[in-house]
Amino acid sequence: MQRKTFNNMNCSIARALDQIGEWWSLLIVRECTFGTTRFDQFQERLGIARNILTNRLKRLIDVGILEKVALGENDRRAGYRLTQKGEELFPVLVALLQWGDKWGMSLDGPPIRLVEHATGEPLAAVGPYSSSGRLLGIRDVRMEVGPGGTPSTEAVVAARNLAILGAGSEPLAEAGGQAAQGSAPARKPRAVKEG
């Protein structure tokens, strides 16, 4: 059966899922963050069929998330490692891990803790942060049409903002009466302690 593609959908989430949305793909990326490089290691650790693993590795290489590399001078076999594009999926994996820790219902607690290497401090919750460092939830964020938006995007954004934020979800006026445009510049979120 042919896999559905989201290439024609004007949505960044759908296009990301087109590259990494199949569950084995994200688990392969996870394994790479654990230091796994060899085909047989992926197969053993994941319990995945060889043909499926071969297809997923090929797809991840084709979309630029993995690259094939020589493992050593005396080793004729190739291995796999994350590209920069692949390494930039790390926050996605951390967010999924944190969500799974909270909602996965394990009675024994999380199997893995992530801490900052230099300090040993637990990682803060992954998510969108305000310019003051406050973790934002779904009702704290308004969507705006981006430069890649289409006419239908405007309707989708307006309907989402009304459904999630309610009446009065229009952009706030800045000093001088202009509507707020764009978003705050990208920055590294500060660690936020909950409690």
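Start by selecting Trp 103: with 48% relative accessibility, this side chain counts as partly exposed, because the exposed class only begins over 50%. Keep in mind as you click around that this is a predicted model.

**Around Trp 103**

Color helix H6, residues 90-103, and you'll find Trp 103 in it. Now add Trp 99 and Met 105 to the selection. Together with Trp 103, they make a nonpolar surface patch of about 440 Å².

**Zoom out to the whole chain**

Switch to cartoon view. There are seven helices and two strands to pick out. Walking from the N terminus, you pass the elements in the order α-α-α-α-β-β-α-α-α.

Turn on the surface for a moment: the accessible area of the chain is about 14500 Å², and carbon and sulfur atoms hold 56% of that. Of the chain's 195 residues, 21% count as buried. If you look at contacts with a separation of 6 or more, 44% of them are between residues 24 or more positions apart.

**Helix H1 and its cover**

Next, select residues 12-20, which is helix H1, and show side chains. Which residues of H1 are buried? They are Ala 14, Asp 18 and Ile 20. To see what sits over the buried residues of H1, bring up helix H2 (23-33) and helix H4 (50-62), which are among the parts that cover them.

**A salt-bridge network**

Stay with H2 and show Arg 30, Glu 31 and Arg 45 as sticks. A network of salt bridges links these three residues.

Take the Arg 30 to Glu 31 pair to begin with: their side chains form a salt bridge at 2.7 Å, N to O. Is Glu 31 buried or exposed? Glu 31 is buried, at 3% relative accessibility. Arg 30 is partly exposed, its relative accessible area being 28%.

Then swing over to Arg 45, whose side chain meets that of Glu 31 in a salt bridge at 3.8 Å, N to O. Arg 45 sits in helix H3 (residues 39-46) and Glu 31 in helix H2, so this pair ties together parts 14 residues apart in sequence. Arg 45 is itself partly exposed, with a relative accessibility of 46%.

**The hairpin**

Now select residues 66-72 (strand E1) and 75-82 (strand E2). The two strands run antiparallel and are joined by six bridges. Two residues lie between E1 and E2, and the strands form a hairpin. For a spot to zoom in on, pick Lys 68: its bridge partner in E2 is Tyr 80. While you're here, a rule worth remembering is that side chains in a regular strand alternate between the two faces of the sheet.

**One more salt bridge**

Jump to Arg 134 and Asp 140. These two form a salt bridge, with their closest N and O atoms 3.7 Å apart. Both ends are partly exposed: Asp 140 has 40% relative accessibility, and Arg 134 has a relative accessible area of 47%. The count of salt bridges comes to seven, so there are others to hunt for if you widen the 4 Å search to every Lys or Arg nitrogen and Asp or Glu carboxyl oxygen.

**Last stop: the confidence coloring**

Finish by coloring by pLDDT. The chain averages 82, and 82% of the residues score at least 70. Where does pLDDT stay under 50? Select residues 174-195 and you have that stretch, for which the model has 29 contacts beyond four places in sequence. Where pLDDT is low, the predicted coordinates should not be read in detail.

Note on methods:
Residues are numbered from 1 along each chain as its sequence is written. This is a predicted model: local features need pLDDT of at least 70, side-chain atom pairs count only at pLDDT 80 or more; totals for chains, interfaces and linings use all residues. Side-chain values use heavy atoms; hydrogens and water are left out. Two strands pair if DSSP finds at least two bridges between them. Helices (H or I, at least four residues) and strands (E, at least two) are DSSP runs, numbered from the N terminus. Patches are made of residues with over 30% relative accessible area and no salt bridge: like charges are joined within 9 Å, nonpolar side chains (Val, Leu, Ile, Met, Phe, Trp, Tyr) within 5 Å. Accessible areas come from the Shrake-Rupley method with a 1.4 Å probe; for residues, only the protein chains shown count as cover. Buried means under 20% relative accessible area, exposed over 50%, partly exposed in between (1.4 Å probe, protein chains only). Contact means heavy atoms within 4.5 Å. pLDDT is the predictor's confidence in each residue, from 0 to 100.
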